[in-house]
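Visitor: I am new to this structure and would like to know how its descriptions are justified. Could you show it to me, please?

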Amino acid sequence: MQNLSYHKKLSKFGFTNMILPKEVKKIIHQNIFKILQEKLNLEKNLTKNKILNEIHKLPQKKFVSLFGSVSKRYLDKNAASKINKIITSRKFKKDLKFKDVSLHYLSLEDIKIEPKLDINQFCIFFRCVRYFKNDVANPHRDCDFWSILNKNNKPKLPFKKFKRFKIWIPIYGCNDKNSLRFYKYSHLMKIKVGYKKKDKALKPFIKKDFLENNKKNIFQPIQNFKNQCIIFDDKMVHFAPINKSSSIRISCEFTLLVKS
């Protein structure tokens, strides 16, 4: 696998590790900590550790109100636009052999939940997972969420026809014990998916028999948490385990649309 190109790894395995442009990670890192300060009404110029300690101390109900909804965790419009410009650059597309790519925009539902957002804002969000708290999602495929979107929660799209990939970026406190996991070759499998209501919204879930029968196929793909990101097919089953590290885990992700 080491000698294969990004394009061939993505085609064969459904994912590839990539070196993330330093500028992208810097923009994301600065924007996230700015958002955290604002959400917690903290004074400016606090150290990262002091900001994270304040998040650690939040009661669960308060934590969920601040970070439970994706629409509460979007990067701001300016930061997202800068990142989209870098992601759509010739070099990034060339390495993956993509002709044309873009992030998608927000949905009407996002704007309804968080009025400060802009309908013409690109969709990039972060996750904040606390020590030993069950602030994680069950194993899932992104494609199943897309399949049940309606006119209100369907985002504005730059292309009519496209393929979807997800990019996942470790930002802070991520390691091989607490970070993204995949089910090997799951993007090629026929998987039974059910749907149930949670928090007044319909959400897909993968049947237990698949999860039990494929435990041996779970793996953690990141090799270098300092400068790598993961791009993967949106049909890959993935999840992140409960964070047993003493540090808060922060990651960032977005869907990459590839024009077809």
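Visitor: What makes strand 1 and strand 9 a pair?

Guide: This is a predicted model, and in it strand 1 (residues 15-19) and strand 9 (residues 228-233) run antiparallel and are joined by five bridges. Because two strands pair if there are at least two bridges between them, the five bridges here satisfy that condition. Within this pairing, Met18 stands opposite Cys229 of strand 9.

Visitor: Why is strand 1 called mostly covered?

Guide: Four of the five residues in strand 1 are buried, which means that each of those four has under 20% relative accessible area.

Visitor: How do you know that the buried residues of helix 4 lie on the same side of the helix?

Guide: The buried residues in helix 4 (residues 60-67) are Phe63, Leu66 and Phe67. They cover an arc of only 75° around the axis, and therefore they sit on the same side of helix 4. What covers these residues includes helix 2, helix 3 (48-57) and strand 3 (125-129).

Visitor: Which residues touch the most other members of the largest nonpolar core?

Guide: They are Ile55 and Ile250, in a core of 46 residues, to which helix 2 (residues 22-39) gives the most, with seven residues. A second, separate core has 12 residues, among them Cys174, Leu180, Phe225 and Ile230.

Visitor: What does Ile55 touch, leaving aside residues up to four places away in sequence?

Guide: Ile55 touches Leu36, Leu40, Phe63, Phe67, Cys128, Arg130 and Ile248, and each of these counts as a contact because heavy atoms come within 4.5 Å.

How values were computed
Residues numbered from 1 in each chain as written. Predicted model: local features only at pLDDT ≥ 70, side-chain atom pairs only at ≥ 80, totals over all residues. Heavy atoms only, no water. Core = buried A, V, L, I, M, F, W, Y, C linked by side-chain atoms within 4.5 Å. Buried < 20%, exposed > 50% of the residue type's maximum accessible area, 1.4 Å probe, protein only. Helix = DSSP H or I, 4+ residues; strand = E, 2+ residues; numbered from the N terminus. Arc of directions from axis to C-beta.
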